[in-house]
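Please look through the model below slowly, and then follow the paragraphs after it with the structure in view.

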Amino acid sequence: MNISKTILVTRHLQAMKDFYINQIGFPLVSETNDSFTMQIGTDQLTYRQTDDVDTQYHMAFNIPENVFQQGKAWLVERTSLLIEDGQDEIYFDFTDSHSCYFYDPDENVLELIARHQINPSKAEPTFDVSDILGIGEMSLTVKDVLEVGEQLAEIGVLERRERPLNGASLNFLGPVADGTHILLVPEGRTWLFSPKTAKVSPIEMELDGRHRVRLDAAGVWHQSAVSS
């Protein structure tokens with residue numbers, strides 16, 4: 001699965017643009033008076049201005065599997081890392097991956113992740129923004145995990161090992177081998193490296209260039225085919 005396009009909302013559009021484009025360095029694709037779109041590896045991420053929606057997102061960016069420390073050092077030069085139990089990184093043995101975490105101006109929880117068995121290697125031990133491969137995880141916080149999970153299953157988006165969904169916990173959707181997942185999660189779940197909790201927030205995603213899925217500001221789920 002590929003999350004090729006994502007649209008999120010923010011109440012602080014200019015601050016978000018300054019952070020992602022000027023501070024982190026993602027290329028600006030386009031902008032209007034109330035939105036901007038950036039290129040993140042193979043994928044595009046758009047933020048749109050909103051005035052009355054309180055949001056909380058989590059997303060992870062895939063990086064080459066053999067330059068995690070270089071990527072972390074590059075990130076530290078641009079923003080502060082989040083700390084948990086005195087540590088600024090974590091190793092997940094069940095996925096053989098390293099991650100570090102940081103905030104954007106909305107205090108969305110962002111992550112660099114090197115999946116050692118899945119992400120490609122890089123020949124040179126260097127790192128810059130062009131080495132970010134794409135969106136590796138995108139949160140989808142909903143009121144009813146099982147109901148939305150059934151809708152996603154209809155278009156082939158399943159739990160990563162095709163196990164039953166847990167309606168009260170975090171679920172990784174999308175094949176393990178793809179290294180890209182929708183994080184389907186109920187309200188109130190606390191994110192790693194942050195006291196922030198998952199909150200139903202508007203989002204639109206284009207999956208594999210074929211399916212468009214959207215959660216509106218009222219928490220209602222929509223999905224359709226992408227027009228050719």
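**A walk through the model**

At 33% relative accessibility, Glu107 counts as partly exposed, a value that comes, like everything described here, from a predicted model. Glu107 forms a salt bridge with Lys196, with 2.7 Å between N and O. Glu107 sits in the loop between strand E7 (97-103) and strand E8 (109-115), while Lys196 sits in the loop between strand E11 (181-186) and strand E12 (203-207), so this pair ties together parts that are 89 residues apart in sequence. Lys196 is partly exposed as well, with a relative accessible area of 25%. Glu107 also has a feature in its backbone: in the hairpin of E7 and E8, which has 5 residues between the strands, Glu107 takes a positive phi near 60 degrees.

From this loop the reader can step to the strands themselves. E7 and E8 are paired in the antiparallel sense over 7 bridges, and within this pairing His98 stands opposite Ala114 of E8. E8 also pairs with strand E5 (residues 58-62), here in the parallel sense and over 5 bridges, with Met59 as the bridge partner of Leu110. Is E8 buried or exposed? Of the 7 residues of E8, 7 are buried, so the strand is largely enclosed by the rest of the structure. In a regular strand the side chains alternate between the two faces of the sheet. In E8 both faces are covered, with Val109, Glu111, Ile113 and Arg115 buried on one side and Leu110, Leu112 and Ala114 buried on the other.

E8 also leads to the largest pocket, which holds about 230 Å³ of space. The pocket is lined by 18 residues, and the closest to its centre are Phe92, Tyr101, Glu137, Phe172 and Leu192. E7 and E8 are the elements that give two or more residues to this lining, and the largest share, 4 residues, comes from E8.

Empty space of another kind is found elsewhere in the model. Rolling a probe the size of a water molecule over the atoms shows where empty space is left. The count comes to 1 cavity of 30 Å³ or more, and the largest cavity has a volume of about 40 Å³. Its lining is made by Gln56, Tyr57, Ser139, Leu140, Thr141, Lys199, Ser201, Ile203 and Leu215. The largest share of this lining, 3 residues, comes from strand E9 (residues 134-142).

The next part to find is an open sheet of 7 strands, whose order is E2-E3-E4-E1-E12-E13-E14 and whose pairing is mixed. At its edges are strand E2 (28-32) and strand E14 (221-225), each of which pairs on one side only. Neighbouring strands of this sheet are turned by 15 degrees against each other on average, when direction is ignored. Towards the E14 edge, strand E13 (residues 211-215) and E14 run antiparallel and are joined by 5 bridges, and His211 stands opposite Ala225 in E14.

Two helices can be placed in relation to these strands. Helix H1 (residues 13-24) lies across strand E1 (3-10), E2, strand E3 (35-40) and strand E4 (43-49), and it runs at about 20 degrees to E3. Helix H3 (residues 145-153) lies across E13 and E14, and it runs at about 0 degrees to E14.

The last step returns to charged side chains. Side chains of opposite charge can pair when their charged atoms come close. How many salt bridges does a search of the whole structure find? The search finds 12 salt bridges, among them the pair of Glu107 and Lys196 described at the start. In another, the side chains of Arg78 and Glu77 meet with 3.3 Å between N and O; Arg78 is partly exposed, with a relative accessible area of 27%, whereas Glu77 counts as exposed at 66%. Arg163 and Glu159 also form a salt bridge, their closest N and O atoms being 3.3 Å apart. Here Arg163 is partly exposed, with a relative accessible area of 47%, whereas Glu159 counts as buried at 9% relative accessibility. Finally, salt bridges that share partners join Arg11, Asp54 and Lys199 into one network, and Lys199 is also one of the residues that line the largest cavity.

Notes. Residues numbered from 1 in each chain as written. Predicted model: local features only at pLDDT ≥ 70, side-chain atom pairs only at ≥ 80, totals over all residues. Heavy atoms only, no water. Pairing = 2+ DSSP bridges. Axes fitted to C-alpha atoms, helices over the stretch in contact; angles between N-to-C directions. Contact = heavy atoms within 4.5 Å. Salt bridge = Lys/Arg side-chain N within 4 Å of Asp/Glu carboxyl O. Buried < 20%, exposed > 50% of the residue type's maximum accessible area, 1.4 Å probe, protein only. 1 Å grid on protein atoms, 1.4 Å probe; cavity = no way out; pocket = protein on both sides within 12 Å on 5 of 7 lines; lining within 4 Å. Points joined across faces, edges and corners; volume = space filled by probe spheres on them.
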